[in-house]
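Open the structure in your viewer and keep the selection tool at hand. We will go from stop to stop, picking something to select and then looking at what is there.

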2 protein chains.
Amino acid sequence: MFLQIGRLGHMSAQPLDSAEHRSGALLDHLARRMRLRSESVLAPLGLRPRHLVALTVLRAGGDTGQQALATILEMDSTNIVGLLNELEAKQLIERRRSPEDRRRHVVELTKDGAKRLSEAECALASAEDEVLGALDHAERETLYELLSRAATGTSINCAETICVTNDACRCRDAC
Amino acid sequence: MFLQIGRLGHMSAQPLDSAEHRSGALLDHLARRMRLRSESVLAPLGLRPRHLVALTVLRAGGDTGQQALATILEMDSTNIVGLLNELEAKQLIERRRSPEDRRRHVVELTKDGAKRLSEAECALASAEDEVLGALDHAERETLYELLSRAATGTSINCAETICVTNDACRCRDAC
DNA sequence: GGAATCGTCTGTGCTGCATCAACCATTTAT
DNA sequence: ATAAATGGTTGATGCAGCACAGACGATTCC
């Protein structure tokens, strides 16, 4: 901190690039705190945090080949198989062979899957309250929107997926 | 999603609570992506992601007993010891006995530690570019500020720690 | 003096995950 | 048509993060 001030020196009022503001460690820290709480909350629903991540990605991304899924989640394909097996056994997802390329399995969220995901998210309210307690509602919504955009890499889904259901959503400005 | 619309029914224009917007899974997802990239970038510096988290917390929190650290990081005390041993061996932190309660070890970031942390954060620029590529500079700064506030649990440090060095920081509105 | 607290060290075991190897179904190239 | 490449599946192996438990020294509080 003082280092930075020292470097700025004669121009301490300028918004100079703030190179040290890396979110990585904070992301890691908060994700851990959230995950620890999520585990116990999710257990009764037969889910674990990683399932939620996969379901969330599937909801956002639409139909996805599972190799593409491996890329998005940055997991090894072989581990994707096991993960999807668990989700398919609970009928939260479906694997269909792609009509275009029948080698490919297209993974899709089932109606049950979407419902279960929704339930899980509701159940996580208290966990989020503990971890994000320092942020008010609008700030959390901003956070969600930023994370969501970063995760999908595009803002295409934003208008359709988010804004329809929430009049206060800030993403209209951003979109 | 449709469930919520159904629930809203006659008042679909109201900004009702958006219960499904949970950040947990997104946090998890992005933290993972960031961590995978961080590992290789940090290795030459002799650090691992968890070290960075600890150093970041220490920088933000000032002098901290290591039991308090265990609480903040939500790690077992015994694992904290090992983590701190590694950092102390590299002289990035110091353990001093607290003058008030000499049972307690107060953990403090050394000058070298602050410097190394700063270097690491610079080195992580490209990793962050990949993961947060969908966000522009101002959005990343907003994200950092939100995560930072959530992590420290208070907004006390905000004015001192962040805003002095960055004129464009949005936290003035929030503070 | 005795009990409780903070930190340290050691060992044990579970879990997540990467990696390797072998295999089937399907598509693409020759 | 045959061979090669691709997507997916399965099983085995090994490492690392981490929780947990037990024992110990140092210090404080009653």
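In which helix of chain B is the place of T56(B)? Select T56(B) and you land in α3, the helix of chain B that covers residues 49-61. Before going further, please keep in mind that this is a predicted model.

**Stop 1: around T56(B)**

Is T56(B) buried or exposed? T56(B) counts as buried because its relative accessibility is 11%, and the cut-off for buried is under 20%. Now show its neighbours, leaving out residues up to four places away in sequence: T56(B) touches A25(A) and L26(A) from chain A, along with L117(B) from chain B.

**Stop 2: the nonpolar core**

Next, select L27, L143 and L147 in both chains. L27(A), L143(A), L147(A), L27(B), L143(B) and L147(B) are the residues with the most contacts inside the largest nonpolar core, which has 28 residues. Colour the elements that give two or more residues to this core, and you will have α2 (24-42) and α8 (137-152) of chain A, plus α2 (24-42) and α8 (137-152) of chain B.

Zoom in on L27(A). Setting aside residues up to four places away in sequence, L27(A) touches L147(A) in chain A, and in chain B L27(B), L30(B), A31(B), M34(B) and L147(B).

**Stop 3: DNA strand C**

Move on to DNA strand C and show the 18 residues around this strand. Which of these residues come nearest? They are R48(A) and R50(A) from chain A, and Q66(B), Q67(B) and R95(B) from chain B. Sugar and phosphate make up 82% of the atoms of DNA strand C that come within 4 Å of the protein.

Three distances are good to display here:

- From a phosphate oxygen of DNA strand C to a backbone N or O atom of Q67(B), you should find 3.0 Å.
- From a phosphate oxygen of DNA strand C to a polar side-chain atom of N85(B), the distance is 3.0 Å.
- From a phosphate oxygen of DNA strand C to a polar backbone atom of D76(A), the distance is 3.4 Å.

Now colour by element. At least two residues of the surface near DNA strand C come from each of α5 (77-89) of chain A, α4 (66-73) of chain B and α5 (77-89) of chain B. The most is given by α5(B), with three residues. If you colour by class instead, the surface near DNA strand C shows 10 charged, seven polar and one nonpolar residue.

**Stop 4: DNA strand D**

Switch to DNA strand D, which has 19 residues around it. Those that come nearest are R32(A), Q66(A), R95(A), R48(B) and R50(B). Of the atoms of DNA strand D within 4 Å of the protein, 82% are sugar or phosphate atoms, and bases provide the rest.

Again, there are three distances to draw:

- A polar side-chain atom of R48(B) is 2.7 Å from a phosphate oxygen of DNA strand D.
- An N or O atom in the side chain of H105(A) is 3.0 Å from a sugar or linking oxygen of DNA strand D.
- A backbone N or O atom of R102(B) is 3.1 Å from a phosphate oxygen of DNA strand D.

Which element gives the largest share of the surface near DNA strand D? Select α5(A), which supplies three residues. By class, the surface near DNA strand D has 11 charged, seven polar and one nonpolar residue.

**Stop 5: E94(A) and its strand**

Select E94(A), which lies in strand β2 (residues 93-97) of chain A. E94(A) counts as partly exposed because its relative accessibility is 40%. Add T110(A): it is 16 residues away along the chain, yet the two C-alpha atoms are separated by 6.4 Å. Beyond four places in sequence, E94(A) touches E88(A), V106(A), V107(A), E108(A) and T110(A).

**Stop 6: chain A as a whole**

Zoom out and show chain A as a cartoon, with its 10 helices and three strands. Of its 175 residues, 46% count as buried.

Finally, colour chain A by pLDDT. The mean is 77, and 76% of the residues reach 70 or more. Where does pLDDT stay under 50? Look at residues 1-18 of chain A and at residues 154-175 of chain A. Where pLDDT is low, the predicted coordinates should not be read in detail.

Definitions and conventions
Residues are numbered from 1 along each chain as its sequence is written. Chains are lettered from A and ligands numbered from 1 in the order in which they are written. This is a predicted model: local features need pLDDT of at least 70, side-chain atom pairs count only at pLDDT 80 or more; totals for chains, interfaces and linings use all residues. Side-chain values use heavy atoms; hydrogens and water are left out. A residue is near a molecule or strand if one of its heavy atoms lies within 4 Å of it. A polar contact is a pair of N or O atoms within 3.5 Å; within protein, one must be able to donate a hydrogen and the other to accept it, and residues adjacent in sequence count only if both atoms are side-chain atoms. Helices (H or I, at least four residues) and strands (E, at least two) are DSSP runs, numbered from the N terminus. Ala, Val, Leu, Ile, Met, Phe, Trp, Tyr, Cys and Pro count as nonpolar, Asp, Glu, Lys and Arg as charged, and the others, Gly among them, as polar. Buried means under 20% relative accessible area, exposed over 50%, partly exposed in between (1.4 Å probe, protein chains only). Contact means heavy atoms within 4.5 Å. A nonpolar core is a set of buried Ala, Val, Leu, Ile, Met, Phe, Trp, Tyr and Cys residues joined through side-chain atoms within 4.5 Å. pLDDT is the predictor's confidence in each residue, from 0 to 100.
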